[in-house]
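Me: I would like a close look at a single part of this model, taken slowly and with its surroundings. Please keep to what can be read from the structure itself.

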Amino acid sequence: MTDYIHYTKISSKIECAMGQRVSRIDFEWTYSDEPHTSRRKAMLAKYPQIKKLFGIDPMFKYVVTLMVLTQFLMCYIMIGKSWSMILLVAYCFGGVINHSLSLAIHEISHNLAFGHAYPTANRWFGIFANLPLGVPMFMSFKIYHREHHKYLGQDTLDPDLPTLMEAKLFSTTFGKFCWVCLQPLFYAIRPLIVRPLKPTQMEYANVFVQLVFNAIVTQYCGWHVMFYLVIGTLLTMGFHPIAGHFIAEHYMFAKGFETYSYYGPLNVLTFNVGYHNEHHDFPYIAGSRLPQLKVIAPDFYENMPQHSSWIRVLYDFITDPAVGPYARHKRKAMGLDS
């Protein structure tokens with residue numbers, strides 16, 4: 001009887017905690033311009049040598065190609081494997097490569113594979129890097145990510161901002177856990193609801209090439225292997241240590257700060273996406289050179305709030321009632337011509 005009462009008390013505490021509601025009831029509305037443009041000007045004025053970091057990393061395209069070829073090899077290796085083995089390998093290995101490729105796509109969207117002088121080469125290389133993900137995303141991501149940088153924090157214009165419906169629906173501890181697991185779905189659908197843009201010819205090309213690739217994989221390797229690619233992409237963009245960067249980048253963990261960096265070891269797997277303040281300050285510096293930017297201009301970064309663990313970010317986001325989908329800086333949209 002004592003054990004039963006103890007178990008019941010623990011269960012009640014867990015249920016209470018999982019049902020705990022967030023303390024915020026609105027976004028953090030701000031009436032100043034996004035901070036990175038002014039920071040960029042100040043940094044260049046003080047440290048003009050930063051300009052030497054601009055441009056591509058010549059090794060980047062070879063690293064990405066090797067990652068894609070590794071997944072091609074894995075398609076062969078995974079033929080005939082059990083569903084449990086597919087799920088395990090997808091979550092621990094294949095999905096990690098796919099998530100890393102999604103961040104390679106992030107680099108390519110800034111023309112950091114071949115440079116601004118070769119936009120077509122960047123586009124087709126991005127479509128190539130997209131293949132193991134199983135879901136056509138590169139060209140759409142490139143378009144909407146440009147909006148994120150241009151309209152950072154602007155309501156209805158920045159596609160990275162959670163909608164009011166998301167914030168209201170996922171306002172408990174359990175709701176936030178579900179929201180984290182469903183991040184890939186929200187990232188894919190949100191821009192199409194908030195401000196859909198007319199698809200381009202290259203977006204159609206991205207879809208066509210991806211469908212042909214998927215058909216080839218299914219024909220010669222089987223549905224199990226196609227599932228391995230797609231489920232790896234979805235799982236590692238949801239409740240996964242690497243996916244902590246989605247929340248770490250812009251969710252407000254410290255009052256008054258809109259963008260946060262992470263300088264931990266997972267940057268090795270993610271093309272230094274953790275250097276996120278640095279990236280927004282200078283989007284045309286390759287990820288591999290962002291640590292050098294921090295060394296050149298330490299006074300602009302060392303005193304800013306930063307994350308030490310993406311796992312801790314996920315834990316705090318889910319369990320801390322002060323954090324949730326509402327914990328984002330928003331500013332009124334200034335218009336498409338701003």
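Is the crossing of H3 and H5 left-handed or right-handed?

Reply: The model is a predicted one, and in it the crossing of H3 and H5 is left-handed. Helix H3 covers residues 60–77 and helix H5 residues 119–130, and the two pack with their axes 9 Å apart at an angle of about 30°. Because angles under 35 degrees count as roughly parallel, H3 is described as roughly parallel to H5. On the side of H3 the contact is made by Phe60, Lys61, Val64, Thr65 and Val68, while H5 contributes Phe125, Phe128 and Ala129. Sorted by class, the contact of H3 with H5 has six nonpolar residues, one polar residue and one charged residue.

One of these contact residues, Phe60 of H3, also leads into the aromatic pairs, of which the structure holds 19. A pair of aromatic rings is described by the distance of the centres and the angle of the planes. For phenylalanine 60 and phenylalanine 271 the ring centres are 5.3 Å apart and the planes stand at 70°, so the pair is edge-to-face. Phenylalanine 60 belongs to helix H3, whereas phenylalanine 271 sits in the loop between strand E2 (261–262) and helix H13 (276–281), and the pair thereby links distant parts of the chain, 211 residues apart. Both phenylalanine 60 and phenylalanine 271 are buried.

The loop between helix H2 (36–46) and H3 holds tyrosine 47, and its partner phenylalanine 300 lies in the loop between helix H14 (290–296) and strand E3 (306–307), so this pair ties together parts that are 253 residues apart in sequence. The rings of tyrosine 47 and phenylalanine 300 have their centres 6.3 Å apart and their planes at 75°, so they too form an edge-to-face pair. Tyrosine 47 has a relative accessible area of 14% and is therefore buried, and phenylalanine 300, at 16% relative accessibility, likewise counts as buried.

Turning to other parts of the model, ring pairs also join Phe170, Trp179, Phe186, Tyr251 and Phe317 into a cluster. Isoleucine 193, placed in helix H9 (residues 183–194), is exposed, with a relative accessible area of 62%. From C-alpha to C-alpha, isoleucine 193 is 38 Å in space from isoleucine 50, the two being 143 residues apart in sequence.

Key:
Residues are numbered from 1 along each chain as its sequence is written. This is a predicted model: local features need pLDDT of at least 70, side-chain atom pairs count only at pLDDT 80 or more; totals for chains, interfaces and linings use all residues. Side-chain values use heavy atoms; hydrogens and water are left out. Axes are lines fitted to C-alpha atoms, for helices over the stretch in contact, and angles run from 0 to 180 degrees between N-to-C directions. Helices (H or I, at least four residues) and strands (E, at least two) are DSSP runs, numbered from the N terminus. Angles under 35 degrees count as roughly parallel, over 145 as roughly antiparallel, 65 to 115 as roughly perpendicular and the rest as oblique. A crossing is left-handed if the near helix is turned anticlockwise from the far one by less than a right angle, and right-handed if clockwise. Contact means heavy atoms within 4.5 Å. Ala, Val, Leu, Ile, Met, Phe, Trp, Tyr, Cys and Pro count as nonpolar, Asp, Glu, Lys and Arg as charged, and the others, Gly among them, as polar. Buried means under 20% relative accessible area, exposed over 50%, partly exposed in between (1.4 Å probe, protein chains only). Rings of Phe, Tyr and Trp (its six-membered ring) pair if their centres lie within 6.5 Å; planes under 30 degrees apart count as stacked, over 60 as edge-to-face and the rest as tilted.
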